[in-house]
Amino acid sequence: MPDMNNDSEQITRVRRICHQLCYSSCVDEKRKGLHERLLCLRPHWSVSKKEEQFQMIDQGADVPFDISLPLPARDGRPDSDRGVKLFWERFRCQQCGGCCFTPGAGLFLEMEDFERIAERIGKKKLKAMCKFDRLLKAWTLVQPCPFYDMEKRRCQIYDIRPATCAKYPLHPPAKQLPYNLAVDAFCPAARQFAKDTLGWWVICENNWAGILRKLERD
Ligand code: SF4
Ligand code: SF4
């Protein structure tokens, strides 16, 4: 019987090694479309179970969760933002306004965000649009966001929008999957991105298989 604990430890180890060793070549391969060639060589779980995976991804419209993308997350290394860069090169916002105009607990403002926006519209006016979160010791913009112009379907302070908005739909990587980028499944463009790049997992698994073979030899 396979040792499940040992197997999952091994997978975690392989993912960690992959992240440390392959993060730059992995992004280059994905940018060039290497997965297309690999797909011709052998079928792949992420592709053979495509419909099932699409259904799971689509649940993000109603159920809050993050999708793990097959792109390396940024870490402490100076040149480790390649995965993030490729994400922004390919991500196409659908301008649905969902992230701005959805009721929620409040949109966290960094101190710099608060000061930048207050400088333009005035502190008093901004405070009237916010709540002070005692736990976070920070101002949060009420949601739906008062800066969203429903008629023109755009942000009225786009050039100085909060950092959280500028990063959206990227979220901090999940604890269980710290090496992959995470996106909010609520965003339709993020869901589309996850579907379009399903084949990128082929490159990851190809690299993992190579690492496993090497670990077994050593
Ligand atoms: S929810 Fe996604 S697609 Fe819609 S406006 Fe926000 S970032 Fe763009
Ligand atoms: S500040 Fe702008 S980008 Fe951010 S939630 Fe409000 S309308 Fe959207």
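# A guided tour from the ligand 2 shell

Begin by selecting ligand 2 and the residues around it: Cys100, Leu107, Cys145, Phe147, Tyr148, Cys155, Ile157, Arg161, Pro162 and Cys165. Bear in mind throughout that this is a predicted model. Coloured by class, the shell of ligand 2 shows nine nonpolar residues and one charged residue, with no polar ones.

Next, select ligand 1. Its surroundings consist of Cys93, Gln94, Gln95, Cys96, Gly97, Gly98, Cys99, Tyr168, Pro169, Cys187, Pro188 and Ala189. Here the class count is eight nonpolar and four polar residues, and no charged residue is present.

**The whole chain**

Zoom out to the full chain of 218 residues, of which 23% count as buried. Ten helices and eight strands make up its secondary structure. Along the principal axes, the C-alpha atoms fill a box of roughly 65 × 35 × 30 Å. Of the contacts between residues at least 6 apart in sequence, 75% join residues at least 24 apart.

Colour the chain by domain. Domain 1 takes in 10-93 together with 183-217, while domain 2 covers 107-167. The C-alpha centres of the two domains are 33 Å apart.

**Strands β2, β3 and β4**

Return to Leu107 of the ligand 2 shell, and select strand β2 (residues 107-108), which is joined to β4 by two bridges in an antiparallel arrangement. Leucine 107 stands opposite leucine 141 of β4.

Now add strand β3 (residues 130-133), which runs antiparallel to β4 and is joined to it by four bridges. Phenylalanine 132 has tryptophan 139 of β4 as its bridge partner. Between β3 and β4, which form a hairpin, there are four residues; in this turn, lysine 137 has a positive phi of about 55°.

Which side chains of β4 (residues 138-141) point to the buried face? Display them to see that Trp139 and Leu141 share one face and are buried, whereas Ala138 and Thr140 point to the other face and are not buried. Such an arrangement follows the general pattern that side chains of a regular strand alternate between the two faces of the sheet.

**The three-stranded sheet**

Move to the open sheet of three strands, ordered β1-β8-β7 and paired antiparallel. At its edges are β1 (66-72) and β7 (170-171), each of which pairs on one side only.

Select β7 with strand β8 (residues 180-184): two bridges join these antiparallel strands. Histidine 171 is matched with alanine 182 in β8 as its bridge partner. Helix α9 (residues 188-196) packs on this sheet and touches β1 and β8, its direction making about 140° with that of β8. Pro188 and Ala189, already seen around ligand 1, belong to the residue range of this helix.

Then show helix α5 (residues 82-90). This helix lies across β1, β7 and β8, and runs at about 115° to β1.

**Leucine 212**

For the last stop, select helix α10 (residues 200-217), where leucine 212 is found. Is leucine 212 buried or partly exposed? Because it has 15 C-beta neighbours inside 10 Å, leucine 212 counts as partly exposed. Finally, draw a C-alpha to C-alpha distance from leucine 212 to aspartate 196: the two residues are 16 apart in sequence and 27 Å apart in space.

Terms used: Residues are numbered from 1 along each chain as its sequence is written. Chains are lettered from A and ligands numbered from 1 in the order in which they are written. This is a predicted model: local features need pLDDT of at least 70, side-chain atom pairs count only at pLDDT 80 or more; totals for chains, interfaces and linings use all residues. A residue is near a molecule or strand if its C-beta atom, placed from the backbone, lies within 6 Å of it. Ala, Val, Leu, Ile, Met, Phe, Trp, Tyr, Cys and Pro count as nonpolar, Asp, Glu, Lys and Arg as charged, and the others, Gly among them, as polar. A residue is buried if 20 or more other C-beta atoms lie within 10 Å of its own, exposed if 12 or fewer, and partly exposed in between; C-beta atoms are placed from the backbone. Two residues are in contact if their C-beta atoms, placed from the backbone, lie within 7 Å. Domain bounds come from an automatic or database domain assignment. Two strands pair if DSSP finds at least two bridges between them. Axes are lines fitted to C-alpha atoms, for helices over the stretch in contact, and angles run from 0 to 180 degrees between N-to-C directions.
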